[in-house]
Amino acid sequence: MIIDTHAHYDDEQFDEDRESLLAKMKNAGIGIIVNAGSTISSWEKIRKLTKEYPFIYGAVGVHPDEAGTLNEEQMARMSVFLDEEKIVALGEIGLDYYWDKESRDLQKKWFIRQLDLAREKNMPVIIHSREAAADTMEIMKRHAAGMKAVIHCYSYSAEMAKEYVKMGYYIGVGGVVTFKNAKKLKETVQEIPLSSIVLETDCPYLAPVPYRGKRNCSLYLSYVAEEIAKLKGISAEEVVRQTEINSRDLYNLQRAE
Ligand code: NI
């Protein structure tokens, strides 16, 4: 089965047709979707989605663009959400120096605090990092050693990806890999082992070719799997088979017998 390790079905872009869209997943081979958290207001919506759909799991956390909304009270609330059975990770968290919506010191403070909470709970983390390569690496080394993590929507060098792989982390690959100009990501996929790659949409964003620019959804992950297969000279089935194993390991998802 295909596992989408990072989606945002709580987004209002799905309000019109969420139910009919999610009803199509099973027949298209999308067996599991992990819905990542980004804002404080997303947590309750995500919890509800995990209750309504057996194949949806969730993560809660606060995106670096929203770091200013965090405080001790919200950290305590997050901790309660993390105890829910189908909340399987803390995220997405990290650093975003592209938008720089919050001061870098504030982003770092709450990134580290959320990593500490994940360690306390023994839970994997979903990392968002944009134009903050060096600081992210440094914080992961100091605060996330030995933890399970995925560097989601990976956008840095192949060299750095190899370093993350050595640290035991997974690299999240989505629609961008199908873009003609995504030279760095294509090179990364060729240079790291398939055993370190997980599939993700980040939907509604980042739809793969031929849907680039449109609303993304998990149904399009087959295009991502095909591109990875092409880059690695293997079959798409092999990509799906191995990334399922990787995603189950990342989020501790047992196979239903
Ligand atoms: Ni995301």
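This is a tour of selected residues and elements in a predicted model, stop by stop.

**Stop 1: Tyr9 and Phe14**

Start with the aromatic side chains, which form 8 pairs in the structure. Select Tyr9 and Phe14 and show their rings. The two ring centres are 4.7 Å apart and the planes stand at 45°, so this pair is tilted; planes have to be over 60 degrees apart to count as edge-to-face. Are these two residues buried or exposed? Tyr9 is buried, at a relative accessible area of 0%, and Phe14 is buried with a value of 0%.

**Stop 2: Tyr98, Trp99 and Lys101**

Next select Tyr98 and Trp99. Their ring centres lie 5.0 Å apart with the planes at 85°, so this pair is edge-to-face. Tyr98 has 39% relative accessibility and counts as partly exposed. Add Lys101 to the selection: its charged end sits over the ring of Trp99, 5.7 Å from the centre of that ring.

**Stop 3: Arg212, Phe179 and a tyrosine cluster**

Now select Arg212 together with Phe179. The charged end of Arg212 sits over the Phe179 ring, at 3.6 Å from the ring centre. Then pick Tyr211, Tyr220 and Tyr223, which make up one aromatic cluster.

**Stop 4: Pro204**

Select Pro204, in the loop that runs between strand S8 (197-199) and helix H8. Look at the bond before this residue: the peptide bond joining Cys203 and Pro204 is cis, with omega about 15°. Pro204 is buried, its relative accessible area being 4%.

Which residues does Pro204 contact, leaving aside its neighbours within four places in sequence? They are His8, Asp11, Gln13, Phe14, Lys214, Arg215 and Asn216. Phe14 in that list is the residue from the tilted pair with Tyr9. For Lys214, draw a distance between C-alpha atoms: Pro204 and Lys214 are 8.4 Å apart in space and 10 residues apart in sequence.

**Stop 5: Gly91 and Glu92**

Another cis peptide bond runs from Gly91 to Glu92, with omega near 5°. To find it, select strand S4 (residues 87-96), where Glu92 lies.

**Stop 6: Asn122 and Cys153**

Two residues are worth selecting for their backbone angles. Asn122 is not a glycine, yet has a positive phi of about 55°. Where is Asn122? Look in the loop between helix H4 (104-121) and strand S5 (125-130). Asn122 is exposed, with a relative accessible area of 68%.

Cys153 is also not a glycine and has a positive phi, about 50°. This cysteine is found in the loop between strand S6 (149-151) and helix H6 (158-166). Its relative accessible area is 24%, so Cys153 is partly exposed.

**Stop 7: Trp110**

Go back to helix H4 and select Trp110, which lies in it. Trp110 is buried, with 4% relative accessible area. Not counting residues up to four places away in sequence, Trp110 touches Ala67, Leu70, Asn71, Glu72 and Met75. Gly68 is 42 residues from Trp110 in sequence, with 8.7 Å between their C-alpha atoms.

**Stop 8: Helices H8 and H9**

Two packed helices are described by the angle between their axes and the distance between the axes. Select helix H8 (residues 221-232) and helix H9 (residues 236-251), whose axes come within 8 Å and cross at roughly 110°. That crossing makes H8 roughly perpendicular to H9.

Show the side chains where the helices meet: Ala225, Glu226, Ile228 and Ala229 on the H8 side, and Ala236, Val239 and Val240 on the H9 side. By class, this contact has 6 nonpolar residues, 1 charged residue and no polar ones.

**Stop 9: Leu194**

Finish with Leu194, in the loop between helix H7 (183-191) and S8. Leu194 is buried, at 11% relative accessible area. Apart from neighbours within four places in sequence, Leu194 is in contact with Ile228, Lys232, Ile234, Glu238, Val239, Gln242 and Asn246. Among them, Ile228 and Val239 also take part in the meeting of H8 and H9. As a last distance, the C-alpha atoms of Leu194 and Glu227 are separated by 13 Å, the two residues being 33 residues apart along the chain.

Key: Residues are numbered from 1 along each chain as its sequence is written. This is a predicted model: local features need pLDDT of at least 70, side-chain atom pairs count only at pLDDT 80 or more; totals for chains, interfaces and linings use all residues. Side-chain values use heavy atoms; hydrogens and water are left out. Rings of Phe, Tyr and Trp (its six-membered ring) pair if their centres lie within 6.5 Å; planes under 30 degrees apart count as stacked, over 60 as edge-to-face and the rest as tilted. Buried means under 20% relative accessible area, exposed over 50%, partly exposed in between (1.4 Å probe, protein chains only). A charge sits over a ring if NZ of Lys or CZ of Arg is within 6 Å of the ring centre and within 35 degrees of the ring normal. Axes are lines fitted to C-alpha atoms, for helices over the stretch in contact, and angles run from 0 to 180 degrees between N-to-C directions. Helices (H or I, at least four residues) and strands (E, at least two) are DSSP runs, numbered from the N terminus. Angles under 35 degrees count as roughly parallel, over 145 as roughly antiparallel, 65 to 115 as roughly perpendicular and the rest as oblique. Contact means heavy atoms within 4.5 Å. Ala, Val, Leu, Ile, Met, Phe, Trp, Tyr, Cys and Pro count as nonpolar, Asp, Glu, Lys and Arg as charged, and the others, Gly among them, as polar.
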